[in-house]
Amino acid sequence: MSGTHAGRFSARGIASFSLEHPEFVANLLRRVSPKGSYRATFYFLLLQQRRFSLAGVGPWGSYYEFGVGGGDTLVAFVRAIRDFERTAGRLTDPFHVFAFDSFQGLPAPTSTKDQHSDGRRGWRSGDFAHSLGEVRRKIALQEPDLGRIDLNYVSGFYENSLTAELRGQLQRHPPAIVLIDVDFYSSTRTILDWLGPILRSGTQFYFDDVWSFRGDPEKGELAAIAEFNRKGNGFLVNYPVDAGMNLVSPRYVFFREETGPSMS
């Protein structure tokens with residue numbers, strides 16, 4: 001794990017309009033930001049998560065990204081933090097970002113739940129391969145000043161890198177927002193099983209590939225989410241962005257019955 005600088009926002013600096021109308025602000029940002037869909041999505045998630053935190057029903061201060069690829073979503077998150085600071089107040093404490101990837105591309109699929117039932121070509125070992133050096137260079141070129149963002153990289157295939165020791169180290173910085181962009185059921189299952197013990201109620205998840213198998217609940221990320229929920233150690237609840245939306249949203253919120261005080 002390697003480090004850089006991130007944070008927490010002063011409650012005094014939060015713009016009430018942004019917090020009370022996060023979807024409006026995110027949609028506005030989406031319109032004015034070229035190719036800004038992820039940037040706007042992250043901005044919305046940050047606004048919503050800060051609302052959860054201020055209400056005492058969700059954590060704050062850390063973002064976990066599983067599936068870094070070429071680093072585009074990391075750049076988008078850094079820019080969303082900038083947008084958030086402009087409308088909701090400057091970071092006063094480090095905001096911890098942990099980027100998890102093999103930096104060798106996808107692993108080989110290990111389950112039938114990683115494969116399409118109709119014979120279509122799926123992902124293969126090595127797809128989306130970008131080295132850690134390549135990602136570091138992109139971040140340095142596009143966002144040379146990270147400010148209060150504490151950016152950390154965790155390199156390796158998840159079955160090797162997501163250890164109990166690492167989880168223990170990260171207990172100080174449990175995730176507030178999680179992006180899972182790993183394509184496979186097997187990788188998603190490994191991530192969720194590893195994350196489970198340190199998750200706090202009110203953590204937001206964004207599953208990028210939730211529709212990769214045309215909504216088949218026995219495949220891909222949807223299958224891993226269902227399996228995680230059946231274990232009964234907390235639940236990922238689908239949280240649509242648009243009221244009345246009938247489709248499965250990529251957004252979920254984690255809930256578990258807590259025995260102690262809420263973490264904010």
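The exercises below work through a predicted model of one protein.

**Exercise 1. Describe the protein as a whole: its secondary structure, its buried share and its accessible surface.**

Step 1. Nine helices and nine strands are assigned in the protein.

Step 2. The chain counts 264 residues, and 52% of them are buried.

Step 3. The accessible surface is about 12,300 Å². Carbon and sulfur atoms account for 51% of that area.

**Exercise 2. Find the residues with the most contacts inside the largest nonpolar core, and state which elements supply the core.**

Step 1. The largest nonpolar core holds 33 residues. The members that touch the most other members are Phe-42, Leu-46, Tyr-63, Leu-74 and Phe-95.

Step 2. At least two residues of this core come from each of α3 (37-54), α4 (72-88), β4 (95-101), α5, β5 (149-155) and β6 (177-180).

Step 3. The biggest contribution is that of α4, with nine residues.

Step 4. A second core, separate from this one, has 30 residues, including Phe-98, Trp-194, Phe-207 and Leu-236.

Step 5. Leaving aside residues up to four places away in sequence, Tyr-63 is in contact with Phe-42, Leu-74, Phe-77, Phe-95, His-96, Val-97, Phe-98, Ile-177 and Leu-179.

**Exercise 3. Locate Asp-209, decide whether Asp-209 is buried or exposed, and list the contacts of its side chain and of the residue.**

Step 1. Asp-209 sits in the loop that joins β7 (203-207) to α9 (220-230).

Step 2. The relative accessibility of Asp-209 is 8%. The cut-off for buried is under 20%, so Asp-209 counts as buried.

Step 3. A polar atom of the Asp-209 side chain lies 2.9 Å from the backbone nitrogen of Asp-183.

Step 4. Beyond four places in sequence, Asp-209 touches Ile-180, Asp-181, Val-182, Asp-183 and Glu-221. Asp-183 therefore appears both in this contact list and in the 2.9 Å pair.

**Exercise 4. Place Gln-142, classify its exposure, and describe how Gln-142 relates to Arg-79.**

Step 1. Gln-142 belongs to helix α5, which spans residues 132-142.

Step 2. With a relative accessible area of 33%, Gln-142 falls between the limits of 20% and 50%, so Gln-142 is partly exposed.

Step 3. Apart from residues up to four places away in sequence, Gln-142 touches Val-75 and Arg-79.

Step 4. Gln-142 and Arg-79 are 63 residues apart along the chain, and their C-alpha atoms are separated by 9.8 Å.

Step 5. The side chains of Gln-142 and Arg-79 make a polar contact at 3.5 Å.

How values were computed:
Residues are numbered from 1 along each chain as its sequence is written. This is a predicted model: local features need pLDDT of at least 70, side-chain atom pairs count only at pLDDT 80 or more; totals for chains, interfaces and linings use all residues. Side-chain values use heavy atoms; hydrogens and water are left out. Helices (H or I, at least four residues) and strands (E, at least two) are DSSP runs, numbered from the N terminus. Buried means under 20% relative accessible area, exposed over 50%, partly exposed in between (1.4 Å probe, protein chains only). Accessible areas come from the Shrake-Rupley method with a 1.4 Å probe; for residues, only the protein chains shown count as cover. A polar contact is a pair of N or O atoms within 3.5 Å; within protein, one must be able to donate a hydrogen and the other to accept it, and residues adjacent in sequence count only if both atoms are side-chain atoms. Contact means heavy atoms within 4.5 Å. A nonpolar core is a set of buried Ala, Val, Leu, Ile, Met, Phe, Trp, Tyr and Cys residues joined through side-chain atoms within 4.5 Å.
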